[in-house]
Amino acid sequence: MPTLVSHPEEVKIVSSRFGKGATDIERYLELDGYQAARTAVEKGADWIITEMKASGLRGRGGAGFPTGMKWSFVPKQSEKPKYVLVNGDESEPGTCKDHLIFLHDPHTVIEGTIIAGLAIGAKMGFIYLRGEYRYLLTIMEKAIADAYAKGFLGKGIFGSQVNFDIVSHTGAGAYEVGEESALMESLEGKRGIPRIKPPFPAVVGLYGGPTVINNAETIATVPHVLRMGGEAYAKIGSERNGGTRLFCLSGHIERPGVYELPMGYNLKKMIYEIGGGIRGGRQLKAVVPGGSSTPVLLPNEIDIGMDFDQVGKAGSMLGSGGVVVLDETVCMVEFALRTIKFYQHESCGWCIPCREGTDWLKKTLTRFHAGAGVAKDIDNIRYLAENMLGRTFCPLGDAAAMPTIAFVKKFRQEFEDHLNGKPCAYAKQTIQEPVLV
Amino acid sequence: MTTEAPMEAQTIFSPELAARFDKLVTLYPVRRSALIPMLLYAQDEQGYVTDAAIREIAQRIGITPLDVRNVLSYYSLLRTKPVGKYHVQVCTNISCMLRGGQKLFEHCKQRLGVGHKETTPDGIFSLEEVECIGACSWAPAVQVNYDFHDNLTADAMDAVLDQYRKQAEK
Amino acid sequence: MADVTLTVDGKKITAPAGTLLIDACRKAGIEIPAFCYYPGLSLQAACRMCVVRIEKIPKLQTACTTPVAEGMIVATDTDEIKQSRKAMLQLVLANHPLDCPVCDAGGECELQDMTFKYGAADSNFVDVKNHREEQQWSPVVYFDRPRCILCYRCVRVCGEGMDVWALGVQNRGVSSVIAPNGGDHLDCEECGMCIDICPVGALTSGTYRYKTRPWEMTHVGTICTHCGDGCKTTLGMRSSGDGMEIIRGDNRDKSGINGDFLCVKGRYAFDFANHKDRLTQPLLRNAEGKLTPTSWEDALAFAAQRLRKIRDTRGGEQIGIIGSNRTTNEESYLLQKFARSVLGTNNIDHHRTADYVSFAKALAGQEQRAASLRETETAPAILLIGNDPTEQHPMLAWNLRANVRHNRARIYIVNHQEIKLRRQATSFLKISADTYSTCTRFLAGEENSAFGAEATALREALSKEPNLLIVFGAELHGSAIESLVRYGLSLPDTKFACLGDYVNSRGAADMGMYPDMLPGYVPVQQPGAFATEYGERFPAAPGLDLPSMLDAAARGNLAALYVVGSNPVHRYGVAAASLKNTFLIVQDMFLTETALLADVVLPIANLYEKAGTVTNTYGDLQFVKKAADRSGVRTDLELIVRLADKMGADVHSLVPFGQGTRADMGQSRGAQSGEADRHAVWLAAQNLEPKLSPFDPSALLDEIQRLVPGYHFSRLELFSGNDQHVQATAHNTGLVQIVNPAERRDGVLPSEDTLFTSGTLGHYSGKLTEIHDSRNKEILVAAD
Ligand SMILES: Cc1cc2nc3c(=O)[nH]c(=O)nc-3n(C[C@H](O)[C@H](O)[C@H](O)COP(=O)(O)O)c2cc1C
Ligand code: SF4
Ligand code: FES
C-alpha cells in the first residue's frame with residue numbers, strides 16, 4: 001500500500017478524503033460527497049461552466065489547458081452522442097497521484113465525471129485506468145456499482161430527468177495511450193495510435209461524438225470547485241493557475257510522497273521543506289520538475305513557483321506534477337539513457353521521427369554510456385533530438401526530445417567526460433551507492 | 001471491416017468469464033471497445049492470450065483475428081507466451097532507478113536465476129524489467145501480477161518472493 | 001465547391017475548398033515529398049516528409065492533412081523545411097539497409113529519389129542497424145522486412161482499396177512490423193497492389209525479384225489479355241535468346257483506365273508467353289497422322305490450297321470459322337471479313353461470354369447510354385445484377401469500392417450468391433439463380449409474389465435514383481436484357497454496362513464475329529455498305545453459329561474448320577471423333593485440346609506480342625502496344641493475310657494498306673518479312689504514320705473507323721494511350737433492324753473464371769497455377 005504523507009503546509013482539497021475510508025459510499029456521503037453533483041443537476045450547464053472558468057483550474061494531465069474553457073468548446077447541439085472520458089492512464093515517469101485518487105477517493109472521480117457530463121450535455125462517461133492499476137479498477141467498479149444503487153448514476157440521476165452512465169475501462173500497458181486521441185483509439189479497441197488533429201476531441205471524439213477528456217485529478221477537483229465556488233478555489237493558487245495540485249515528490253529526497261500544495265508553491269521550498277531536503281544531506285544536482293518529459297532544472301534554477309507559467313518561463317514545464325530530485329551521485333548520461341529508453345519503449349511507432357529518433361538516441365546513449373562513445377555522438381544526440389522536436393505526429397516525440405536536449409545542454413561536460421573510453425565517474429557512485437539498506 | 005458476430009455457442013473460457021464477456025460487449029456504443037479488457041481478462045484466466053482465445057474474441061467482437069493481433073501486440077501487458085505463475089515486474093524507470101530499482105532488478109535476477117522476460121524452470125516465477133508503474137513516490141516499486149510492492153529493499157524483496165513461493169507450494 | 005486562393009512559395013494558386021494542401025501544390029507543379037500520403041487512401045501524417053510552413057502557425061504543418069484555406073500563405077522549400085525533411089530521411093536510412101545495388105526497387109525507389117534530392121546520404125550513426133529476416137508470404141509476395149519504412153500504404157491499399165484487410169501493423173515503436181493475416185503467410189486475393197504501392201523495395205514480387213534492374217528492361221504499357229475490364233499493364237521486357245521476354249508486369253504507368261489498380265492476372269499472368277510448351281513452328285499432320293514440324297511456306301500453302309479447293313468445289317458454307325476473345329479488333333474484323341469476302345461464308349462465331357447482341361438491340365436508337373468503365377468510379381448510384389466482380393471483373397470491383405469510399409455512392413446488388421461486394425452495398429438482394437429475368441421484370445414493375453419486402457424496397461429506392469448505372473452479368477441474356485434496359489430507360493439518365501469475360505470479347509462482338517451480325521451489329525440480311533465492301537462472295541443468308549458448326553462437323557457436313565485463338569474442343573466438350581471428317585486449321589500458342597486434332601497448326605503471337613486495339617466490355621477502345629517478341633510465331637493478322645494471299649485473294653482489298661502510296665516501305669527496308677511491328681517502330685521513329693504494310697493493323701483500323709457504326713474516336717488520343725469510349729450500339733441501329741432477336745440463339749456460355757483462372761490460357765500461366773495450388777493446399781490444411 002502506498003504510504004500517505006502529510007505536511008502542515010499542505011492545502012488538502014483533492015486529497016482531503018485520503019485515508020478516510022471514502023471508498024465506502026456512505027462514508028463518502030458523510031464527507032459531503034455527491035453534493036456538488038446534486039447542485040450541478042439543479043443549476044445546470046451554464047452555471048457549471050461559469051464556475052469552472054472562474055476557478056482557473058488548468059488540466060492536471062500535463063498540458064495545463066483551462067478546464068472550463070475546454071468544456072465550453074463542446075458544441076451545444078450535436079447529432080452524435082457526447083462523452084466524457086477520464087484519463088486515468090497515468091504513466092508519465094515520476095507521476096503517481098491519480099493512483100492515490102482512485103485508491104482513496106473513487107467517488108470524487110465519479111462525481112466529477114457526472115458534473116462534466118452535465119456541463120457538456122453528455123449521457124455517458126468512461127473512466128480509463130491503465131492496465132497496471134487492476135486493483136484500482138476493482139475499487140472503481142465497486143464505487144460505480146454503489147453509485148448506481150443510490151441512483152446517482154443511471155436513469156434520472158438524483159431524482160432528476162437526466163440520465164448518466166459511467167463505464168470503467170482498463171488499458172493494457174501503453175504510455176502513449178495517455179495522449180488524448182490515442183486514448184480514444186484505445187477505448188475504441190484499437191492500437192494506441194494518436195489521431196490527426198484537427199478535428200479536436202471536443203468536436204469529433206469518441207465514436208465520432210464530441211468528447212471532453214480530462215485527467216483524473218482534474219476531474220476529481222471539479223466537485224471541490226463547485227462546492228467551494230470557482231472564485232474561492234482560484235484564490236488558493238497563483239495568477240492564472242487556480243487552486244492546488246498533487247505534487248509527486250520522488251527520487252533522492254528525504255520524504256518522498258504525494259503532497260497537495262497551492263499552485264505556484266516554490267520548488268526549492270517544496271524540495272527542502274516539504275520533502276525534507278536531499279537524502280543523506282547530499283548536494284542537489286538536478287530536478288526534473290514535472291515528469292520525465294520535462295527539461296531538467298539545475299539547482300540554481302529551482303527558486304521558482306510551481307505553476308504552468310513560471311516553470312515555463314524557467315525553460316521547463318509543470319507537466320504532470322512529478323518532481324524528481326537528483327543528487328550529486330547521479331550520472332546524467334545514465335539518467336538521460338534511462339529516460340530515453342522509456343520513450344523508445346513507449347513510442348507508438350507511427351511516425352518516423354519518434355520511432356527512429358528514440359531508437360537511435362537509445363542506441364547511441366547505450367553505447368556512449370558504456371564507454372564506447374565517439375566525439376560526434378554528443379552533437380549527434382542533440383541533432384537527433386532537435387530534429388524530432390516539433391516534428392512528430394504527437395507530443396510523445398517532443399516529450400523524448402525536450403529532456404534530451406536539456407541533458408546535453410546542461411551537462412555537456414559530463415558527456416565529454418564519458419569520451420575516450422573513460423569509465424563513468426558518476427555512474428560508479430550510483431551503482432555502488434548502498435541504497436538498498 | 002466489422003461484420004455482425006455470430007455468437008459462438010462453445011467457449012474456451014470459464015462460464016463466469018464468458019458471461020462477463022457477454023455483458024462487456026454490450027456496455028459500450030460499439031462491441032469493439034471491449035476488446036482490450038477482454039484480452040486482458042482472457043490472459044488473466046489462461047496465463048497468456050492463446051490462439052484459441054484470439055479466435056474466439058475476434059468472433060465475439062466481429063473482427064478478424066489479424067485485427068486482434070494488431071491490437072494485442074501493441075500493448076505491453078498482453079502476451080502470447082506463458083509466463084510464471086507469479087510475474088515479477090521490477091520498475092527501473094527514473095524514480096525507481098534513483099532509489100535502487102536497477103539494483104533491485106539485478107538482485108531479483110540473481111535470486112530467481114532468470115533474466116529479463118524469463119521464467120524459472122519450476123514455472124513459479126518470471127521476471128521482467130518494466131517501465132514506470134505509477135508508484136514513483138514509493139520507489140523502488142515492483143508489481144507481482146497485479147499486486148504492488150513498494151519501498152522495497154533487497155531483504156523486503158526476498159520476503160515478498162518467499163511469500164509467493166509459499167503460496168505457490170500450497 | 002468554391003475555389004479558394006492561397007499563396008505557395010510566393011505563387012498564387014487556386015484550388016477547390018477542401019482540397020488538401022499537398023494535392024493543391026502538386027497540381028500547381030509544386031513538389032511536396034511524401035511516403036505515407038497516397039491519393040485516395042486514408043490520411044496518416046506519419047512520415048512527416050510533407051511538412052510545410054504556414055504563416056501564423058508556430059509548428060511546421062503536414063501538407064497531407066491540411067485543407068487549403070482562403071488567403072493561406074505557405075512556404076514549402078525553406079532551409080528549415082529542407083532540414084526537417086533531410087533529418088527524416090536520415091532517420092529512415094539509419095535502419096534501412098543500403099542494399100540498393102541488389103534491391104528490386106533500385107532505380108525506381110522513392111526513398112532513393114528523395115535521398116538524392118535532400119542530400120541525406122551523410123550519416124553520423126555509428127551503431128548497427130536493426131535487422132529482421134525476409135519472409136515469403138505467398139508465391140508472389142515477398143517481404144524484405146528491414147527495407148520497410150512503415151508508410152502503411154500496403155496496409156491501406158489492401159484494406160481500403162481491396163477490402164481484403166490481409167495486412168496489419170503489429171508490435172509498437174521501432175518493433176512495429178507489417179504482418180500478414182495468415183501468421184506467416186498471406187491469405188488474400190494476391191493482387192500485388194501492396195507491391196506496386198510500396199515506395200521502397202520492401203514488398204517484392206515473386207515473379208520478378210532479383211531478376212534484373214529496372215533500367216535494363218524496356219517498359220511498354222499495353223493492355224492485359226485476361227479479363228473483360230482491359231487494364232493497362234506495364235510490361236518490363238528484356239531481350240532473350242529468341243526475342244524479347246516479359247519479366248515483369250506492374251502498374252507503374254498509372255495513366256490507364258485502371259488508374260492505380262492491377263489484379264493478380266495483369267501483374268503476374270503474363271508468364272504463359274514464356275511457357276516451355278509454346279509452339280514456335282507450324283505443324284502439319286503427316287501421312288501417319290502425326291503432327292510434325294514444317295515450314296511456314298508449306299503449312300500456309302497447304303492450308304490455303306485445301307481451303308480454296310473446298311470453297312471452290314463444295315462451297316463456302318462447308319467452311320466454318322471460330323474466332324477468339326483475345327485477338328485485336330483488327331484481327332477479329334479481318335477474320336470475319338476474310339470469312340465473308342474470301343471464303344464466302346457466314347459460318348463464323350466465337351465463344352460468346354455475354355449477350356452483346358441483345359444489349360445492342362435493346363439500346364438501339366439510344367445515344368450515350370453505355371457506360372465507360374471510368375463511370376463506375378463516379379456514378380452516384382449503381383445497380384449490379386448478377387456477376388461477381390471481385391472474381392471476374394476485379395477492376396470494376398475496385399472502382400465500385402473506391403466510389404463508395406470517395407463519393408458515398410449507393411450500390412444496389414442483386415445476386416444469387418453472397419458476393420463480396422455486398423459489404424459495400426447499400427442494399428443486397430439475394431435471389432435464386434434462376435430468377436434473374438423475373439426479378440428484372442419485378443423491378444420494372446411487374447408484380448410477382450416470389451419477391452418480398454426487400455425486393456419491393458429495392459424497387460422503391462431505385463425509382464428515386466436520378467442517375468443510375470446498371471451493370472449486369474451474363475446471368476441476364478436475351479429478353480431479360482431487353483426488359484432490364486427498357487426498365488432502365490424508364491428512369492432518368494440511366495446508363496448500362498454488360499459484363500463479358502475476356503480482353504476482347506466485346507471487340508469480337510463489335511467486329512461482327514457472328515453468323516448473323518456484321519461489324520457494329522449490322523444484320524447480315526441488311527448489310528448496307530458492307531454488301532459492296534465485301535465483294536461478290538459475301539453470302540446473303542446468316543451462317544451457322546458455333547454449336548451448329550460443331551454439330552454439322554459431327555454430321556460430316558462441315559468440310560473445313562478454321563479455329564483462331566480458341567479452344568472449342570475443351571470449352572464445348574467436343575468428342576475427337578466428331579471432327580475427324582473436317583479439315584481443321586488451328587492457330588494457337590499451344591497444343592490445346594483443339595490443336596491436337598488439327599491438320600495444320602499455326603503458332604501465333606499473343607496480345608503482348610502485337611499491336612492493335614481492343615475494346616473492353618464497357619466499350620472502351622484501347623491501343624495495344626507490342627511489348628514482347630518471340631521468334632517463330634506470327635500474329636493472327638499476318639497469318640490471315642497470308643492465307644488469303646495464298647488462296648489467291650486480292651490482299652489489297654482485304655487490307656486497305658498503302659492507299660495512295662507506291663512504296664511498300666516496310667518490305668523495301670528489308671526487314672524480316674512479316675514483322676509489321678518492327679516496321680512500325682522504324683516508321684514511328686521517322687514520324688511517318690504506318691499502314692504501309694498489309695500486316696499493319698492501323699490500315700484495318702481505318703476501315704473499322706470508316707465502316708463500323710459507333711466506332712468514332714480520336715486517333716490522336718488512342719495512339720497517345722488514352723482509352724476512347726465507343727458505342728457500337730448507339731448509332732445507326734435506328735436505320736437497321738436486328739432481325740428476330742427473340743428467336744436468335746444467344747449461345748452465351750460464361751467462362752466463370754475466378755481471380756486465379758483465365759480460360760485455357762490460364763492453364764499455361766505457371767504463376768496462376770502455383771497460386772491456385774498453394775491456396776488449395778492451404779484450404780486442405782485448414783480442413784484437417
Ligand atoms: C504522450 C502523452 C502521454 C500522456 N499521458 C497522459 C496520462 O497518462 N494521463 C493524463 O491525464 N494525461 C496524459 N496526457 C495528456 C493528455 O493528452 C491530455 O492532455 C489530458 O488527459 C487532458 O486532461 P487535462 O486537461 O485534465 O490535463 C499525455 C499526453 C501525451 C502527449
Ligand atoms: S510521436 Fe509519432 S511515433 Fe511517437 S508516439 Fe507520437 S505518433 Fe507515435
Ligand atoms: S519510476 Fe518506477 S514507478 Fe514510476
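Two strands are taken to pair if DSSP finds at least two bridges between them, and helices (H or I, at least four residues) and strands (E, at least two) are DSSP runs numbered from the N terminus. On that basis, strand β7 (residues 141-143) of chain C and β10(C) pair in the antiparallel sense over three bridges. This is a predicted model, in which local features need pLDDT of at least 70 and side-chain atom pairs count only at pLDDT 80 or more, whereas totals for chains, interfaces and linings use all residues. Residues are numbered from 1 along each chain as its sequence is written, chains are lettered from A and ligands numbered from 1 in the order in which they are written, and side-chain values use heavy atoms, with hydrogens and water left out.

**Sheet in chain C**
- The strand order β6-β7-β10 (chain C) forms an open sheet of three strands with antiparallel pairing.
- Its edge strands, each pairing on one side only, are β6 (135-136) and β10 (203-205) of chain C.
- F143(C) is placed opposite L203(C), a residue of β10(C).

**Ligand 1**
- Ligand 1 is surrounded by 20 residues, a residue being counted as near if one of its heavy atoms lies within 4 Å.
- Those that come nearest are G61(A), K70(A), N214(A), N215(A) and T218(A).
- Polar contacts are pairs of N or O atoms within 3.5 Å; within protein, one must be able to donate a hydrogen and the other to accept it, and residues adjacent in sequence count only if both atoms are side-chain atoms.
- A polar backbone atom of G61(A) is 2.6 Å from an oxygen atom of ligand 1, while polar side-chain atoms of K70(A) and N87(A) lie 2.8 Å and 2.9 Å, respectively, from an oxygen atom of the ligand.
- The protein buries 90% of the 610 Å² that ligand 1 exposes when taken alone (Shrake-Rupley method, 1.4 Å probe; for residues, only the protein chains shown count as cover).
- At least two shell residues each come from β4 (211-215) and α16 (395-410) of chain A, and β4(A) gives the largest share, three residues.
 
**Ligand 2**
- The shell of ligand 2 holds 13 residues, the closest being C348(A), W350(A), C351(A), C354(A) and C394(A).

**Domains of chain A**
- An automatic or database domain assignment divides chain A into domain 1 (25-234), domain 2 (244-327) and domain 3 (332-428).
- The centres of domain 1 and domain 2 of chain A, taken over C-alpha atoms, are 27 Å apart.
- In chain A, 17 residues of domain 1 are in contact with 17 residues of domain 2 (heavy atoms within 4.5 Å).
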